[in-house]
Structure formats: C-alpha cells, structure tokens
Amino acid sequence: MKELSLNILDIAKNSVKAGATVVSITLTETDNMLTMAIADDGCGMKPDFLERVTDPFSTTRTTRKVGMGIPFLKLAAEQTGGSFSITSKHESDFPDAHGTVTTAVFCKDSIDFTPLGDVISSVTTLIQGSPGIRWVFTHTTPKGDVTLDTDELKAVLGDVPLDNIEVIMWIRDYLKEAYAEIA
Amino acid sequence: MTVKELCEKCGFTAVTLPESDREVRGCYIGDLLSWVMGRAEADEAWITIMSNINIVAVASLTDVACIILAEGVTLEDDVKNTAETKGINILMSGKAAYETALTISEFV
C-alpha cells in the first residue's frame, strides 16, 4: 500500500469484523521510529489461527484463498528494519478480557519507509462506517499529541449520531487543526 | 508460448515450474505488491525484484502465468516450496526489469 493510513484502515476493519466495542489506534513517533498499535476487544483469535495469520494463504475471507492485510503490514514494517507482532485472546478462553493487539514498528529513516499518508481520512472513514464502536485515536509525536475519543464526543452530542455528515466534517476539521498545531 | 518455452528461449533459470504448460500472454512489471494485486492480469508474466512469500500469494490471486525475478534475485527455500505447492511458476532473469521485459517482448 502506498500509505500506512490504508494499512490502518485494513487492520481496523478486522477489529470491526471481530465484533469489537472499543478500538484504539495508537501512533507513537520518536525522531526516527513510528510505532503503530491497533487494539480491540473483539472476539480474538485462537492460538492455531493466530499462528497462521501472518501467512498470506490464511484468511477470514471466504471469497478468495488468501488475505493480504496483515502480511502487507508485516512486510511494510520489516522492510524498514522494523518489526511486527500480533497478540490475541479468544473469547472462548478469555471470556472477560478477549481481543487482539496488532503492533508494527517502522524505522522512519529507511528509504523503504512508507509515508503515513492521510490518517485523518482513515479515522473518519472508520467512525462513519462503524459509529457504534468507541474509537480512541492517539498520535504522539515529539512536537505534541493529537487525540480523539468518540465517547467524549457522544457525551457532548447527545442524540446526534456520530455518522451524521456534519459531525464527521467537524471531526475532520478538529483533527486537521490538531495536526496543524503540532506541524 | 508456454512458460517452459519462454524460459528456454530467453535463457532464464527455472526456479519452480509446477504448471510449465501455461500460456503466457502479456507482461506486467511492479514491486509494490498491493498495487500489483489490483493491476496484473491473468496469464501475464509478472516481473519483480521482490522475493518474500507474499509474491506467491499475489501471483495466486492475480492468476499470472509466472513470476520472473529480475536482477538475479534469489528465493528462500520456504518460498520455493510454497510456490511448488500452490502451482506458481517462477523464473529468474539475470537482467534488470526493463531488459527482461524487452527479452520476452518477442514471444508474448
């Protein structure tokens, strides 16, 4: 993928499919590293499936024999000299604390580092597509942080739904301004 | 022309040839796998310098006739074994992607 924001979209959609009620997207940047972590409280994966999930020939999709979201993210991280890991607890084994955490670490100095791209669009697309989920977005950089928690928005919005187009536009502008402040 | 014939005519090295009689029609060049996945077409020869396991999956999804590794790129044994199992033909060319494409252009 030409932008890491598309990988975020791809991985977070797995969380939606897993029936998550809370999804955290956390980007942590230092001068030369970027860590991307996507954590959810979805149904999780059993150990045998977890083992195969980075294999491009395993998938939850039934329409084709391979699923490439996780293999592509792993490749994108490792080709910068970074790393990739995924941990998961399946609901049948952990009924009270299940879910999945996908973490990719990138070396930003590598020429093969894929730019982050339009992360604002990824976040608003996810909120609009699944307004029932609590989305917690945090981007920490050496110059400051950008944060968004849809539960805080809901407290202010009352009965106005999160996928209302004006709300989505407001979120977009809010994130743009927040990024402008740490630019 | 079949993959096997193309390999011989062009002087490529056969890395895996589980489906050697597949016909080759056309060619696609690309290294960004997600991009290739949406653009390479069935029966084409796909020229790339990428060599990780994901190329086998992309070749399988796009149904290309073969992968041609450019610039003498080599494969790990596990990638070779997976390609054999999944029926993916892989050839190796010592030349760069452009020269490799020129070489096959006479035949496809």
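The exercises below work through the sheets, the chain contact and the salt bridges of a predicted model.

Residues are numbered from 1 along each chain as its sequence is written, and chains are lettered from A and ligands numbered from 1 in the order in which they are written. In this predicted model local features need pLDDT of at least 70, side-chain atom pairs count only at pLDDT 80 or more, and totals for chains, interfaces and linings use all residues, while side-chain values use heavy atoms, with hydrogens and water left out.

**Exercise 1. Lay out the sheet of chain A, giving the order of its strands and its edge strands.**

Step 1. Helices (H or I, at least four residues) and strands (E, at least two) are DSSP runs, numbered from the N terminus. Two strands pair if DSSP finds at least two bridges between them.

Step 2. In chain A, six strands make an open sheet with mixed pairing, in the order 3-4-2-1-5-6.

Step 3. Strand 3 (83–89) and strand 6 (144–149) of chain A are the edge strands, each pairing on one side only. From one strand to the next the twist averages 5°; axes are lines fitted to C-alpha atoms, for helices over the stretch in contact, and angles run from 0 to 180 degrees between N-to-C directions.

**Exercise 2. Trace the pairing from strand 3 to strand 1 of chain A.**

Step 1. Seven bridges join strand 3 and strand 4 (residues 99–107) of chain A in the antiparallel sense. Phe84(A) has Ala104(A) in strand 4 as its bridge partner.

Step 2. Strand 4 of chain A is also antiparallel to strand 2 of chain A, over eight bridges. Here Val101(A) in strand 4 stands opposite Ala39(A).

Step 3. Strand 2 and strand 1 of chain A pair over seven bridges, in the antiparallel sense. Thr35(A) in strand 2 stands opposite Thr28(A). These two strands form a hairpin, with three residues between them.

**Exercise 3. Lay out the sheet of chain B and find the helices that contact its strands.**

Step 1. Chain B has an open sheet of five strands in the order 1-5-4-3-2, with mixed pairing. Its edge strands are strand 1 (13–16) and strand 2 (27–29) of chain B. On average, neighbouring strands of this sheet are turned by 25° against each other, direction ignored.

Step 2. Strand 2 and strand 3 (residues 45–48) of chain B are parallel, with three bridges. Trp46(B) in strand 3 is the bridge partner of Tyr28(B).

Step 3. Helix 5 (residues 97–105) of chain B packs on the sheet and touches strand 2, strand 3 and strand 4 (66–69) of chain B; contact means heavy atoms within 4.5 Å. The direction of helix 5 makes about 160° with that of strand 3 of chain B.

Step 4. Helix 4 (residues 77–86) of chain B lies across strand 1 and strand 5 (90–92) of chain B, at about 80° to strand 1.

**Exercise 4. Describe the contact between chain A and chain B.**

Step 1. Chain A gives 12 residues to the contact and chain B gives 16 residues.

Step 2. The buried area is about 1,200 Å², with 78% from carbon and sulfur atoms; this is the accessible area (1.4 Å probe) that two parts lose on being put together, summed over both.

Step 3. In chain A, the residues that lose the most area to chain B are Phe57(A), Phe72(A) and Leu75(A), together 43% of what that side buries.

Step 4. The rule finds zero salt bridges across this interface; a salt bridge is a side-chain nitrogen of Lys or Arg within 4 Å of a carboxyl oxygen of Asp or Glu.

**Exercise 5. Count the salt bridges over all chains and examine the pair of Lys108(A) and Glu29(A).**

Step 1. Side chains of opposite charge can pair when their charged atoms come close.

Step 2. Over all chains the count is nine salt bridges.

Step 3. Lys108(A) and Glu29(A) meet in one through their side chains, at 2.7 Å, N to O.

Step 4. Lys108(A) is in the loop between strand 4 and helix 4 (119–129) of chain A, and Glu29(A) is in strand 1 (residues 22–29) of chain A. The pair links distant parts of the chain, 79 residues apart.
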